[in-house]
Amino acid sequence: MSEVKAEWPLYEVFVRGKRGLNHVHVGSLHAADDDMALRHARDVYTRRNEGVSIWVVQSKDIAASSPDEKDPMFAPSNDKVYRHPTFYEIPDNVPHM
Amino acid sequence: MTDTATDPLQAGFDATIGHGDRIEPRDWMPEGYRRTLVRQVAQHAHSEIIGMQPEGAWIGRAPSLRRKAILLAKVQDEAGHGLYLYSACETLGVSRGELTEKLISGAQKYSSIFNYPTLTYADVGTIGWLVDGAAICNQVPLCRTSFGPYGRAMIRICKEESFHQRQGYELLMTMMRGTDEQRAMVQESVNRFWWPALMMFGPPDDESPNSAQSMAWGIKRNSNDDLRQRFVDMSVPQAQALGVTFPDPELRWNAERGHHDFGQPDWDEFMQVVKGNGPCNTQRIAHRRKAHEDGAWVREAATAYATKQAAAVHDQEGAA
């Protein structure tokens with residue numbers, strides 16, 4: 001009998017706290033397949049009614065921006081203060097704006 | 001009415017709506033609910049995308065670099081809002097390609113307001129103030145709509161919409177501090193957009209066939225007439241502060257009601273514009289169709305590149 005050495009893949013876990021809210025990343029875990037990942041996610045991350053829905057996705061399937069590239073990545077929006085409502089001065093006597 | 005005693009799926013749906021909870025994409029939902037949402041969210045998404053055109057027309061003619069940067073940012077936001085909403089719509093089981101096709105074939109509608117032309121630069125300000133102002137009135141209650149993805153898209157949109165309204169009002173204030181000619185240009189623009197802005201809330205409640213069901217499903221939270229009234233009440237003091245008037249002889253404060261009385265828009269004109277006979281319907285759709293067709297080679301090239309990359313990875317793995 002050959003020993004199984006392959007490590008279970010890493011999964012990222014997202015939980016919807018309640019209806020109407022986005023799924024939010026809560027952590028990760030190892031599992032042999034999707035079903036097991038879901039079951040483990042339930043046991044690890046929602047033992048106290050933390051959620052109404054869980055998403056799991058293999059970490060390798062997530063394409064992510066690099067933290068080292070944070071500055072160049074987000075530079076295009078740094079100098080655009082006019083995208084914010086506070087950039088525009090509206091007198092106090094103008095209501096509802 | 002479905003007999004909820006014999007239909008646990010319907011009963012579960014009704015209970016969720018009854019509690020004021022949200023329906024999420026994997027929940028069972030009645031076909032009519034799904035269809036109504038697809039129609040409304042698609043129409044909303046199309047409005048954002050078509051809404052880029054009237055203001056986009058002024059980007060190249062903005063009077064300063066500052067105004068040009070602001071206008072670019074705003075039109076870029078509209079594109080983003082369209083994408084949030086298309087994504088929400090796709091969670092209901094329709095594809096993006098299908099939605100685009102239905103827009104350019106005229107099978108699905110967009111807000112009639114975007115079928116009016118932007119004749120002067122003041123229109124950029126008036127659209128920000130009145131058109132986006134009316135949109136905000138419509139959209140704030142939709143943040144609590146019963147379908148989760150739609151509500152979440154609306155929350156993002158409302159956050160960004162505030163800049164749109166303020167830049168418009170600020171633009172008009174600047175023009176009102178200018179020459180007589182500029183002030184006249186603002187007033188003329190407001191005269192043209194006031195009635196179409198009121199039409200944005202849809203037909204009167206007693207002529208709005210889908211409203212009651214949409215309210216019962218929690219898709220809509222307020223009636224067309226309630227929202228229209230709210231918009232008029234908000235806009236009147238803003239107009240006074242700006243120094244312009246609205247072209248409605250019946251507009252006056254009614255102390256008894258605690259609201260403004262106002263006249264009715266020309267609903268025949270509204271129906272004509274909805275049917276496709278507004279001043280710019282043909283032009284708007286033709287432009288959207290051309291943009292879609294002109295972009296075909298970009299989509300094809302990106303797909304071809306991705307296929308090639310995937311094949312290369314596959315070959316490497318095969319060789320290893």
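**Note on the interface and cavities**

1. Chain B and chain A bury about 2100 Å² between them, 60% of it from carbon and sulfur atoms; buried area is the accessible area (1.4 Å probe) that two parts lose on being put together, summed over both. On the chain B side, Arg152(B), Phe163(B) and Arg166(B) lose the most area to chain A, together 29% of what that side buries.

2. This is a predicted model, in which local features need pLDDT of at least 70, side-chain atom pairs count only at pLDDT 80 or more, and totals for chains, interfaces and linings use all residues. Residues are numbered from 1 along each chain as its sequence is written, chains are lettered from A and ligands numbered from 1 in the order in which they are written, and side-chain values use heavy atoms, with hydrogens and water left out.

3. In contact terms (heavy atoms within 4.5 Å), 26 residues of chain B meet 19 residues of chain A.

4. There are 2 salt bridges between chain B and chain A, a salt bridge being a side-chain nitrogen of Lys or Arg within 4 Å of a carboxyl oxygen of Asp or Glu. Arg16(A) forms a salt bridge with Glu24(B), with the closest N and O atoms 3.2 Å apart.

5. Helices here are DSSP runs (H or I, at least four residues), numbered from the N terminus. Helix H4 (65-90), helix H7 (148-176) and helix H10 (224-242) of chain B each give two or more residues to the side that touches chain A. H7(B) gives the most, with 9 residues.
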